[in-house]
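Subject: The structure we talked about

Hi,

Here is the structure for you to open and turn around on your screen. Have a look first, then read on for what I found in it.

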Amino acid sequence: MKPNEDISLDDEQLVLGDLLNTVLDKGVVISGQVTISIADIDLVMLDLRLLLSSVQTALERQGFRTDGDVSLLRAELSGS
Amino acid sequence: MVTYLYCVLSSAGAEGTPTLVGVAGAPVRILALGELEAWVATVHEASISASGPTLGAQAALHNEVVAAAMSAGRTPLPARFGSHFADDRSCIATLRGRAPQFRDALTRLAGSVEMSVLIVPKAWGPPAESSLMPDRDAADAGRRYLEMVRQRARRAEANQVAVDAVMSELRDKVRGVTHGESRGRGTTAVLSIAHLLRREDVARYREALGTLPESSGFRLIVAGPRAPYSFVGSEMFMTGHDSSSPDGNG
């Protein structure tokens, strides 16, 4: 493994993490938060990092298109 | 089943029911509230008590519904993920009771969008050797541990000073383009700053931000536009299904 490979986050992930943090912030279902410390910097924003790839996968599995600008899906009902 | 709330909008300029599905695959409906309307869906309560990847995916769906309102040229007041009511009647009664606040917020935010700028270190860098947890069996483990704590504190302080300098520079850059700022949660070196600006000023905002000098040690990631989540008081959407609800209803 390359040095720090596990902490390399591309911009897309950071943007998605930021968006989710905003949408979830003060939401009623949030019961905890994991602060991940990377290189001695506490990155509160990255508490959703572990979710990100799984989120993408889950959305794709549901047939939603994902793309880089975090315009993740347009869920218009077909035929309605 | 509960009534799940996405956003509140002015009913002026509304063009029929959106053909959208959102959280838990439920179709989005409109609840009429006089001069306001609420975009809602009927969902199983369990579907919004998710955790892990499911939570992230559902939150993304929530945002997509709100984004659809924005795409139609409207200004939604977005609820946070998870806002829900026992039923439509409870939802309507609660939101009607807050109509003055919604109207004020819509007046303040009409035509505005939120942009987010992330201040990210250019290099994450490995932890210094002295910051690694010492071997607990080592003779000098206590001294090394205290030194590690001190070094971490010094680095955190230095990072904060650097980030504050960047934030100050950013404020200068976007002055005149934005009319609101909200700093993200946390007191950390990587920050998310939300700016409120006119929808038509997005390109001007991106241009104004530009890039940071190499010497800053940080780079910027600009994201958006999105609904003005950071500029809508979350208390407006407290639903009574939250222990922190000021209403205590529901």
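Let's start with chain B: buried residues account for 50% of its 250 residues. Keep in mind as you read that this is a predicted model.

**Chain B as a whole**

If you walk along chain B, you will meet 5 helices and 9 strands. Starting at the N terminus, their order is β-β-β-α-β-β-α-α-β-α-β-β-α-β. Take the contacts in chain B between residues at least 6 apart in sequence: 73% of them link residues at least 24 apart. As for the surface, chain B exposes about 11,200 Å², and 52% of that comes from carbon and sulfur atoms.

**Strand β1 and its partners**

Now find strand β1 of chain B, which covers residues 2-10. How many of its 9 residues are buried? The count is 8, so this strand is mostly covered, given that buried means under 20% relative accessible area.

Which strands does β1(B) pair with? One of them is β3(B), residues 36-43, which runs antiparallel to β1(B) and is joined to it over 8 bridges. To see one of those pairings, look for Leu5(B), whose bridge partner in β3(B) is Val40(B).

β1(B) also runs antiparallel to strand β5 of chain B (residues 84-85), with 2 bridges between them. Here you can spot Tyr4(B) opposite His84(B). Another antiparallel pairing, again with 2 bridges, is to strand β4 of chain B (residues 77-78). In that one, Val8(B) has Leu77(B) as its bridge partner.

**Three residues to click on**

First up is Glu37(B), which sits in strand β3 of chain B. Is Glu37(B) buried or exposed? It is buried, because its relative accessible area is 5% and the cut-off for buried is under 20%. The side chain of Glu37(B) makes a polar contact of 3.0 Å with the side chain of Trp39(B). Leaving out residues up to four places away in sequence, Glu37(B) touches nine others by name: Cys7(B), Val8(B), Leu9(B), Ser10(B), Ser11(B), Ala14(B), Ile30(B), Leu31(B) and Arg74(B).

Next, go to Pro225(B) in strand β9 of chain B, residues 218-226. Pro225(B) counts as partly exposed because its relative accessibility is 44%, which lies between the 20% and 50% cut-offs. Apart from residues up to four places away in sequence, Pro225(B) touches Met70(B), Val113(B), Glu114(B), Met115(B) and Val202(B). Try selecting His44(B) as well: it is 181 residues from Pro225(B) along the chain, and their C-alpha atoms are 30 Å apart.

Last is Val149(B), found in helix α4 of chain B, which spans residues 141-174. With a relative accessible area of 37%, Val149(B) is partly exposed. Together with Tyr145(B) and Leu146(B), Val149(B) forms a nonpolar patch on the surface, and the three have about 260 Å² of accessible area together.

**And chain A**

Chain A has 2 helices and 2 strands, in the order α-β-β-α from the N terminus. It has 80 residues, and 49% of them count as buried. Among its contacts between residues at least 6 apart in sequence, 52% connect residues at least 24 apart. The accessible surface of chain A is about 4,100 Å², with 47% belonging to carbon and sulfur atoms.

Happy exploring!

Technical notes: Residues are numbered from 1 along each chain as its sequence is written. Chains are lettered from A and ligands numbered from 1 in the order in which they are written. This is a predicted model: local features need pLDDT of at least 70, side-chain atom pairs count only at pLDDT 80 or more; totals for chains, interfaces and linings use all residues. Side-chain values use heavy atoms; hydrogens and water are left out. Patches are made of residues with over 30% relative accessible area and no salt bridge: like charges are joined within 9 Å, nonpolar side chains (Val, Leu, Ile, Met, Phe, Trp, Tyr) within 5 Å. Accessible areas come from the Shrake-Rupley method with a 1.4 Å probe; for residues, only the protein chains shown count as cover. A salt bridge is a side-chain nitrogen of Lys or Arg within 4 Å of a carboxyl oxygen of Asp or Glu. Helices (H or I, at least four residues) and strands (E, at least two) are DSSP runs, numbered from the N terminus. Buried means under 20% relative accessible area, exposed over 50%, partly exposed in between (1.4 Å probe, protein chains only). Contact means heavy atoms within 4.5 Å. Two strands pair if DSSP finds at least two bridges between them. A polar contact is a pair of N or O atoms within 3.5 Å; within protein, one must be able to donate a hydrogen and the other to accept it, and residues adjacent in sequence count only if both atoms are side-chain atoms.
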